Amino acid sequence: MKEKIFLIGFMGSGKSAIGSDLAIKNNLKFIDIDEEIEKRTGQKIVNIFNDYGQDYFRKFEKKVLIEIIKNENIVVVATGGGIVLDEENRRLMKEAGKVIYLKASKETLYRRLKKSKVRPLLNVNNKKDEISRILDNRQNFYSLAADISIQVDNKSIKEIIEEINKALE
Ligand code: S3P
């Protein structure tokens, strides 16, 4: 099976934008797990969280991840920021290819996320503190899951893609 490239990282780290451009540049097929979940359920992520809860979403996320891993045509995969919380997800991604962590500072993440309404976990009063709290809780999981870490602060998508391709050589 062709090795896959999984992009992991916090909400707002650029997984979807970088993943789709990386796939175009390398002429590979791309999939975004959140988009796939929305397509299959016909619902927005925020509504899935509200109506069915986070556990339901996580089960769906794992199911889609496993199907993608079985599909040989899909190579570049943008994941949701919480996919690394599950030990089996981390193992499955590592076994299926290279896991790239797009690492962003809290400042960058806050700047990008402060106006977002589509992240159910960040629909709280103090978004800055919540980003900081969730990232502190998850940092270890991103590091555990990653084969390669790329710092994304103050870099263009083009620069990040060049770094990824160099790291994958
Ligand atoms: C989540 C991140 C979101 C989406 C869901 C949960 C998370 O994806 O999967 O809202 O737990 O960090 P993005 O990282 O693409 O925003």
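User: If Ala, Val, Leu, Ile, Met, Phe, Trp, Tyr, Cys and Pro count as nonpolar, Asp, Glu, Lys and Arg as charged, and the others, Gly among them, as polar, how do the residues of the lining of the largest pocket divide?

Analyst: This is a predicted model, where local features need pLDDT of at least 70 and side-chain atom pairs 80 or more, while totals for chains, interfaces and linings use all residues. Residues are numbered from 1 along each chain, and side-chain values use heavy atoms, without hydrogens and water. The lining of the largest pocket (an open set of 1 Å grid points where a 1.4 Å probe fits, with protein on both sides within 12 Å along at least five of seven lines; lining residues have an atom within 4 Å of a point) divides into nine nonpolar, eight polar and 10 charged residues.

User: Which of them lie nearest its centre?

Analyst: Of the 27 residues that line the largest pocket, Met11, Asp34, Gly80, Val118 and Arg119 lie nearest its centre.

User: And which helices supply at least two residues each?

Analyst: Helices H1 (15-26), H2 (33-41), H3 (45-52) and H4 (54-70) each do so, helices being DSSP runs of H or I with at least four residues, numbered from the N terminus.

User: Which residues of H3 meet H4?

Analyst: Ile45, Ile48, Phe49 and Tyr52 of H3 meet Gln54, Tyr56, Phe57 and Arg58 of H4, with heavy atoms within 4.5 Å. By class, this contact has six nonpolar, one polar and one charged residues.

User: New topic: where does Asn137 lie?

Analyst: Asn137 lies in helix H7, residues 127-145, and its C-alpha atom is separated by 22 Å from that of Lys115, 22 residues apart along the chain.

Notes. Ala, Val, Leu, Ile, Met, Phe, Trp, Tyr, Cys and Pro count as nonpolar, Asp, Glu, Lys and Arg as charged, and the others, Gly among them, as polar.
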